[in-house]
Protein chains: 2
Amino acid sequence: MCAEYATRPREQIAQILRSERRYLSAAEVFQALQRARARVSLSTVYRTLDRLRAKGEASSRIDEQGEATYVICTTSHHHHAICRVCGHVEEVACDPMERFTEALKAYHGFELDAHAMEFFGRCARCR
Amino acid sequence: MCAEYATRPREQIAQILRSERRYLSAAEVFQALQRARARVSLSTVYRTLDRLRAKGEASSRIDEQGEATYVICTTSHHHHAICRVCGHVEEVACDPMERFTEALKAYHGFELDAHAMEFFGRCARCR
DNA sequence: TATAATTTGCGAATCATTGGCAGAACCATG
DNA sequence: CATGGTTCTGCCAATGATTCGCAAATTATA
């Protein structure tokens with residue numbers, strides 16, 4: 001009980017996320033599937049994206065229009081630099097956070113246990 | 001043309017945001033208004049919150065359930081440390097970002113022009 | 001191939017948010 | 001303090017992303 005099946009739709013969805021290194025909404029993934037002649041329902045796209053996020057294989061963010069978007073992650077703890085031009089996502093390590101954590105506690109009395117960051121600009125190729 | 005009226009509903013909504021220093025959804029603001037016997041429609045709450053954000057007097061974030069939430073801001077460019085216990089929002093300056101910006105460019109070739117950060121933990125009172 | 005568990009597709013339901021519009025509130029002016 | 005043009009508000013319907021329920025299809029295993 002509670003095993004896990006490797007299915008065609010899941011592989012097709014993961015494929016699309018792997019090939020595009022940028023945040024995609026469920027609708028965008030669905031459109032990409034249709035272009036690739038893959039017959040996967042929108043429901044399955046939603047379920048699979050959420051499943052990838054739950055497993056830590058993808059991370060999600062809410063875009064300006066309030067839609068959930070997803071991107072495949074390769075390293076564990078990091079943040080995203082998002083290119084304004086092409087949407088490319090660069091993974092950024094966050095080693096300097098330790099010092100910041102100390103300052104936050106000393107100055108605001110605030111004990112940090114998690115953080116989220118997003119950086120916007122132009123990636124190397126788009127500059 | 002294009003003047004701006006000071007109205008009762010707007011003042012009542014701002015009052016609630018000022019008294020609670022934490023992120024509130026439109027529905028939560030609406031409920032607080034009802035508790036205070038203020039008769040303001042949910043539509044007006046939505047419009048007023050969006051207006052405050054557009055004027056830079058409030059900042060918004062999408063919470064875990066995908067709902068838009070709002071908090072009053074007092075300083076200009078800063079980030080938020082959000083207490084996991086009481087929801088209190090602490091404003092944090094971000095002076096150290098300049099050095100980070102340089103590193104990002106040198107290491108990833110990424111030219112930063114904006115960033116967003118959120119910090120989660122326990123505020124001074126809740127520790 | 002038969003069987004049990006898991007996943008999918010479809011359509012309906014949900015729910016926050018937005019839009020349209022008629023009436024109410026606001027405020028500068030006479 | 002009455003008037004009139006502008007700006008807001010309330011109501012209610014519409015939108016649109018996301019979720020749910022369930023029967024049929026797919027997968028793994030023997």
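Student: In this predicted model, which elements of chain A and chain B each supply at least two residues of the surface near DNA strand D?

Tutor: Both protein chains take part in the surface near DNA strand D. Chain A gives one such element, α3. Chain B gives two, so named by their place in the chain: the elements asked for are α3 of chain A together with α1 (8–19) and α3 of chain B.

Student: How many residues surround DNA strand D?

Tutor: Among the closest are Y46(A) from one chain and C2(B), Y5(B), T44(B) and R47(B) from the other. By class, the surface near DNA strand D has ten nonpolar, six polar and six charged residues. The number that surround this DNA strand is 22.

Student: What share of the atoms of DNA strand D that come within 4 Å of the protein do sugar and phosphate account for?

Tutor: Several phosphate oxygens of DNA strand D can be placed against named protein atoms. A backbone N or O atom of A68(A) lies 2.9 Å from one, and in the side chain of T7(B) an N or O atom is 2.8 Å from one. For the atoms of DNA strand D within 4 Å of the protein, the share from sugar and phosphate is 66%.

Student: How far does a polar side-chain atom of T44(B) lie from a phosphate oxygen of DNA strand D?

Tutor: T44(B) is one of the closest residues to DNA strand D. Its side chain holds the polar atom in question, and the distance from that atom to a phosphate oxygen is 2.6 Å.

Student: Turning to the other DNA strand, which residue of chain B is among the closest to DNA strand C?

Tutor: DNA strand C is surrounded by 21 residues, divided into ten nonpolar, six polar and five charged. α1 (8–19) and α3 (42–54) of chain A and α3 (42–54) of chain B each supply at least two of them. The closest include C2(A), S41(A), T44(A) and R47(A), and from chain B, Y46(B).

Student: In the side chain of which residue is an N or O atom 2.5 Å from a phosphate oxygen of DNA strand C?

Tutor: Sugar and phosphate make up 67% of the atoms of DNA strand C that come within 4 Å of the protein. For A3(A), a polar backbone atom is 3.0 Å from a phosphate oxygen. For Y46(B), a side-chain N or O atom is 2.6 Å from one. The 2.5 Å distance belongs to T44(A).

Student: What relation superposes chain B on chain A?

Tutor: Chain B is brought onto chain A with an RMSD of 0.1 Å by a rotation of 179 degrees, with 0.0 Å of shift along the axis. That is the relation of a two-fold axis.

Student: In chain B, which residue has the C-alpha nearest the axis?

Tutor: The C-alpha in question lies 2.1 Å from the axis. Its residue number falls in strand β6 (residues 111–122) of chain B. The residue is M117(B).

Student: In what sense do β6 of chain A and β6 of chain B pair?

Tutor: Eleven bridges join the two strands, each covering residues 111–122. Across this pairing, A116(A) stands opposite E118(B). The sense is antiparallel.

Student: In β6(B), which residue is the bridge partner of H80(B)?

Tutor: Strand β4 (residues 79–83) of chain B pairs with β6(B) in the parallel sense, over four bridges. H80(B) falls within the β4 range. Its partner in β6(B) is E118(B).

Student: About what area is buried between chain B and chain A?

Tutor: The contact takes 30 residues from each of chain B and chain A. On the chain B side, H108(B), F110(B) and F119(B) lose the most area, together 22% of what that side buries. Carbon and sulfur atoms give 60% of the total, which is about 2600 Å².

Student: Why is one side of each of two strands left without a neighbour in the sheet of chain B?

Tutor: The open sheet has three strands in the order β1-β3-β2, with antiparallel pairing. β1 (24–25) and β2 (58–62) are left with one free side because each stands at an edge, with a single partner strand.

Student: Which residue takes a positive phi in the hairpin of β2(B) and β3(B)?

Tutor: Five bridges join β2(B) to β3 (residues 68–72) of chain B. S59(B) stands opposite V71(B), and I62(B) has A68(B) as its bridge partner. Five residues lie between the strands, and the one with a phi near 85 degrees is G66(B).

Terms used: Residues numbered from 1 in each chain as written. Chains lettered and ligands numbered in written order. Predicted model: local features only at pLDDT ≥ 70, side-chain atom pairs only at ≥ 80, totals over all residues. Heavy atoms only, no water. Least-squares fit on C-alpha atoms with pLDDT ≥ 70 in both. Pairing = 2+ DSSP bridges. Near = heavy atom within 4 Å. Polar contact = N/O pair within 3.5 Å; in protein donor to acceptor, adjacent residues only side chain to side chain. Nonpolar A, V, L, I, M, F, W, Y, C, P; charged D, E, K, R; others polar. Contact = heavy atoms within 4.5 Å. Buried area = accessible area lost by both parts, 1.4 Å probe.
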